[in-house]
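Reader: I am new to this structure and should like to understand the terms used to describe it. Could you take me through the reasoning behind them?

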Amino acid sequence: MINALDQLLDQRLGHGRYHLTKAEALTALGVSATAFNAAAARLVRQRRLARPKQGFFVILRPEDRVGGGPDPARWIDPLMRHIGVDYRVSLLRAAAFHGSSHQAAQVFQAIVPRQLRPVAIERQRVEFVYQAADAFAAVNQQPWLDQLKTDAGFAKVAGVELLLLDAVRYFHQSAGLNGAAQIVHDLGGRASPQKLARAATSYENSVVRRLGYLLEHFGYARQAASLRPQAKKAKSLKPLDPSARIVPSLAASVGDGESHAWKLHLNVPVEIDA
């Protein structure tokens with residue numbers, strides 16, 4: 001049985017397919033689930049297969065085993081189709097995809113509309129970041145998505161506009177507020193003001209205000225202006241960085257320590273790499 005499964009893996013690799021489901025294997029090989037499970041377990045131990053989710057396997061090439069595991073961009077799309085959950089690659093990996101050279105993604109992050117546990121293959125780890133289902137469905141659409149091409153096909157990746165909003169919304173997963181600010185600095189000028197404003201309606205008002213402030217701070221006037229109508233709806237001030245304490249000395253450097261246009265307490269300085 002293990003030889004037959006080995007041959008099936010080689011056949012799929014020859015056709016540029018780097019994944020296999022248990023259901024596909026049972027159909028192709030015509031064997032029992034018990035026999036397949038035993039053979040697959042042996043190949044997992046031999047590092048020919050990896051199983052990030054029940055019933056879903058990634059076929060490992062020799063270079064994958066040497067390099068610490070296969071790039072999740074190669075298998076994220078078939079994995080998500082297997083478990084029946086929509087997604088988009090975003091945050092640090094998407095920033096690197098769009099050319100934010102300062103972003104070194106230590107983890108592969110995908111935005112999803114369900115709570116999912118992280119998965120890993122050797123040193124390659126995928127973190128799932130939850131977005132409320134209604135907001136996710138509203139923005140995870142073609143106008144705001146790009147395609148990340150790999151030798152195994154394509155993966156959905158946040159377009160620049162969606163990435164900017166995600167980075168500020170999920171700043172804890174974007175290396176903090178300054179990490180999100182770096183993404184805004186590097187990519188903000190490439191955002192379409194019209195597309196940004198439309199996508200922003202599905203995000204919290206405080207997120208839109210923080211992004212607007214950062215865009216204006218870095219000189220992206222058109223993009224910032226597109227978010228001003230939402231900022232005007234705010235009823236109260238919010239901190240620029242909700243996770244940080246107010247820096248007492250900051251008020252002297254920023255006037256009264258507030259951005260009236262964006263209704264934010266400027267409780268931290270924005271610091272990025274030039």
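**Reasons behind the terms**

Author: A suitable starting point is Q223, which, apart from neighbours within four places in sequence, is in contact with G188, G189, A191, P193, L196 and L215. The model is a predicted one. Q223 belongs to helix α12.

Reader: What makes Q223 count as buried or exposed?

Author: The relative accessibility of Q223 is 3%. Buried means under 20% relative accessible area. Q223 therefore counts as buried.

Reader: Which residues of α10 and α12 meet?

Author: From α10 the residues are P193, L196, A197 and A200, and from α12 they are R222, Q223, S226, L227 and Q230. The residues of this contact between α10 and α12 comprise five nonpolar, three polar and one charged.

Reader: How are α10 and α12 placed with respect to each other, and at what angle do they pack?

Author: Helix α10 covers residues 193-200 and helix α12 covers residues 221-231; the two pack at an angle of about 30 degrees, and their axes are 8 Å apart. Angles under 35 degrees count as roughly parallel, so α10 is roughly parallel to α12. The crossing of the two helices, α10 and α12, is right-handed.

Reader: Which residues of α10 are buried, and why are they said to lie on the same side of α10?

Author: The buried residues of α10 are P193, L196, A199 and A200. They cover an arc of only 135 degrees around the axis, and therefore they lie on the same side of α10.

Reader: What covers the buried residues of α10?

Author: The cover includes α7 (133-139), α8 (160-169), α11 (205-217) and α12.

Reader: What is notable about phi of L91, and where does L91 lie?

Author: Phi of L91 is near 55 degrees, which is a positive value in a residue other than glycine. L91 lies in helix α6, made up of residues 91-98.

Reader: How do you know whether L91 is buried or exposed?

Author: The relative accessible area of L91 is 0%. With the limit for buried set at under 20%, L91 is therefore buried.

Reader: What is the value of phi for K263, and where is K263 placed?

Author: Phi of K263 is near 55 degrees, a positive value in a residue that is not glycine. K263 is placed in the loop between β11 (258-259) and β12 (264-265).

Reader: Why is K263 called partly exposed?

Author: K263 has a relative accessible area of 24%. Buried requires under 20% and exposed over 50%, with partly exposed in between. K263 is therefore partly exposed.

Reader: Where is Q106, and is Q106 buried or exposed?

Author: Q106 is in the loop between α6 and β5 (108-112). Its relative accessible area is 71%, and exposed means over 50%. Q106 is therefore exposed.

Reader: What separates the C-alpha atoms of Q106 and L92?

Author: Q106 and L92 are 14 residues apart along the chain, and their C-alpha atoms are separated by 8.3 Å.

Reader: How many helices and strands does the chain have, and what are its spans along the principal axes?

Author: The chain has 13 helices and twelve strands. Its C-alpha trace spans about 75 × 30 × 25 Å along the principal axes. Of the 274 residues in the chain, 49% are buried. Among contacts in the chain with a separation of 6 or more, 65% are accounted for by residues 24 or more positions apart.

Methods
Residues are numbered from 1 along each chain as its sequence is written. This is a predicted model: local features need pLDDT of at least 70, side-chain atom pairs count only at pLDDT 80 or more; totals for chains, interfaces and linings use all residues. Side-chain values use heavy atoms; hydrogens and water are left out. Axes are lines fitted to C-alpha atoms, for helices over the stretch in contact, and angles run from 0 to 180 degrees between N-to-C directions. Helices (H or I, at least four residues) and strands (E, at least two) are DSSP runs, numbered from the N terminus. Angles under 35 degrees count as roughly parallel, over 145 as roughly antiparallel, 65 to 115 as roughly perpendicular and the rest as oblique. A crossing is left-handed if the near helix is turned anticlockwise from the far one by less than a right angle, and right-handed if clockwise. Contact means heavy atoms within 4.5 Å. Ala, Val, Leu, Ile, Met, Phe, Trp, Tyr, Cys and Pro count as nonpolar, Asp, Glu, Lys and Arg as charged, and the others, Gly among them, as polar. Buried means under 20% relative accessible area, exposed over 50%, partly exposed in between (1.4 Å probe, protein chains only). The arc is that of the directions from the helix axis to the C-beta atoms.
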